[in-house]
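Q: Could you take a close look at one part of this model, the charged side chains around a single helix, and then set it beside the other charged and nonpolar features?

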Amino acid sequence: MKLSTRLFISFLLIIILPLALSAIMMFGVVGLRAHEIRARYGIDVSNLDPEMRSFIAAALFYMVIILIITAIIMSLWIYSSISSPLIKLTKATHSIRDGELDFSIQPEGPMEIRELCEDFEEMRKRLKTANEESTKFDQENRELISNISHDLKTPITAVKGYVEGLMDGVADTPEKMERYIRTIYNKANEMDHLINELTFYSKIDTNRIPYNFNTISVHDFFSDAAEELRIEMEQKKVRFSYVNRVPAETRVIADAEQIHRVISNIISNALKYMDKPEKHIDLRVLDNGDDIQVEIEDNGRGIAAKDLLHIFDRFYRTDASRHSGQGGSGIGLSIVRKILEDHGGRVWASSREGEGTTMCFVLRKYKEAV
């Protein structure tokens, strides 16, 4: 049954019907003969002339009419105060059903209806936010698939080319054979690194990063990392320098494997965009009060100011990387930020186009409780 029908029936039963019965009773009383009124009620109306009786009857009639009109007006007032917001809520529900969320509901009507409108508007905002996040997530996944396809295609094509060369006997000397096999090995390592990044990214997306926090020596950890990097940079003909200005006893609570991943991702990103004949990377570990600050500086092509604030965003790639053969999945630096945030640290970058980039991150020092 509709709201209007319920209101009509309710007012009919509660107001109009009793008034009508009262009016009928009054008209019946006025219509009785004078001696019957005197006998029943002890009221002498014999002296009332016909005009007075007509006046009383008319007054009672108009009173009933006024009360009926008042009841109708009250019914319409209550109905409009409830039906208007309900109609808007119904239209809003249909819009949400059809996937349209770009609207707003203004609270109106009685307090209960206003609260309902406010709750509905809050629900709409949350649905819109969730829908936008879902759309963004789908777009990022499509971009990830595109980037990964591009990144895998390059080494796979190279591997196929060199394998075909081996099969066709192009590598007819031990030197060529070694060069072909070394290239295939390096390209396989590139694909392995990319797959590891994807595996780690899936753990980030589900908050299942396997951390193993321990108290580690800053001096020992970065000295070992620097030695590994020195060997790697020598093979790639990149000049490498390492400076540690942190006291020998300084320690931090961290997952050594994941901090090593942070350094590796930053170095890999730097190597990817080296464009100078003489390449160099500098690693510095500095004392920053309650923190240690790690700086990794390169002399690559640099990053534009408009891109600098976004390089740690997931799937973000600068214009230079989009138009270069290097590409990149766009998740390496986002992994860096996630790991450091989970360690209670932070990461940022400074850069000058054409001169190079410096990546910086901080970790809090470990202090024994006293």
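A: In this predicted model, Lys338 has a relative accessibility of 21% and therefore counts as partly exposed, since buried is reserved for values under 20%. The side chain of Lys338 meets that of Asp342 in a salt bridge, with 3.6 Å from N to O. Both residues belong to helix H10, where they are four residues apart, or about one turn of the helix. Asp342 is likewise partly exposed, its relative accessible area being 31%.

Helix H10, which covers residues 332-342, also holds Arg337, and the partner of Arg337 is Asp313 in the loop between helix H8 (305-308) and helix H9 (319-322), so this pair ties together parts that are 24 residues apart in sequence. The salt bridge between the side chains of Arg337 and Asp313 has an N to O distance of 3.5 Å. Arg337 is partly exposed at a relative accessible area of 30%, and Asp313 is partly exposed as well, at 25% relative accessibility.

These pairs belong to a wider set, for the structure holds 17 salt bridges. Another one of them joins Asp291 to Arg364, whose closest N and O atoms are 3.5 Å apart. This pair links distant parts of the chain, with Asp291 in strand E5 and Arg364 in strand E7 (residues 356-364), 73 residues apart. Asp291 is buried, with a relative accessible area of 16%. Elsewhere, Arg284, Glu295 and Glu297 are linked in a network of salt bridges.

Strand E5, which spans residues 291-298, also contains Asp298. Asp298 is buried yet has no salt bridge, and Lys276, the nearest side chain of opposite charge, is 7.1 Å away; a salt bridge requires a side-chain nitrogen within 4 Å of a carboxyl oxygen. What the side chain of Asp298 does reach is the backbone nitrogen of Gly300, at 2.8 Å.

The surface offers two further features to set beside these pairs. Glu112, Glu115, Glu118 and Asp119 gather there in a patch of negative charge. Among them, Glu118 lies in helix H4 (residues 111-167) and is partly exposed, with a relative accessible area of 41%. A nonpolar surface patch of about 590 Å² is made by Phe61, Tyr62, Ile65, Ile66, Ile69 and Ile73. Within this patch, Ile69 is placed in helix H3 (residues 50-97) and counts as partly exposed at 45% relative accessibility.

Note on methods. Residues are numbered from 1 along each chain as its sequence is written. This is a predicted model: local features need pLDDT of at least 70, side-chain atom pairs count only at pLDDT 80 or more; totals for chains, interfaces and linings use all residues. Side-chain values use heavy atoms; hydrogens and water are left out. Patches are made of residues with over 30% relative accessible area and no salt bridge: like charges are joined within 9 Å, nonpolar side chains (Val, Leu, Ile, Met, Phe, Trp, Tyr) within 5 Å. Accessible areas come from the Shrake-Rupley method with a 1.4 Å probe; for residues, only the protein chains shown count as cover. Lys and Arg count as positive and Asp and Glu as negative; His and the chain ends are not counted. The place of a charge is taken as NZ of Lys, CZ of Arg, CG of Asp or CD of Glu. Helices (H or I, at least four residues) and strands (E, at least two) are DSSP runs, numbered from the N terminus. Buried means under 20% relative accessible area, exposed over 50%, partly exposed in between (1.4 Å probe, protein chains only). A polar contact is a pair of N or O atoms within 3.5 Å; within protein, one must be able to donate a hydrogen and the other to accept it, and residues adjacent in sequence count only if both atoms are side-chain atoms.
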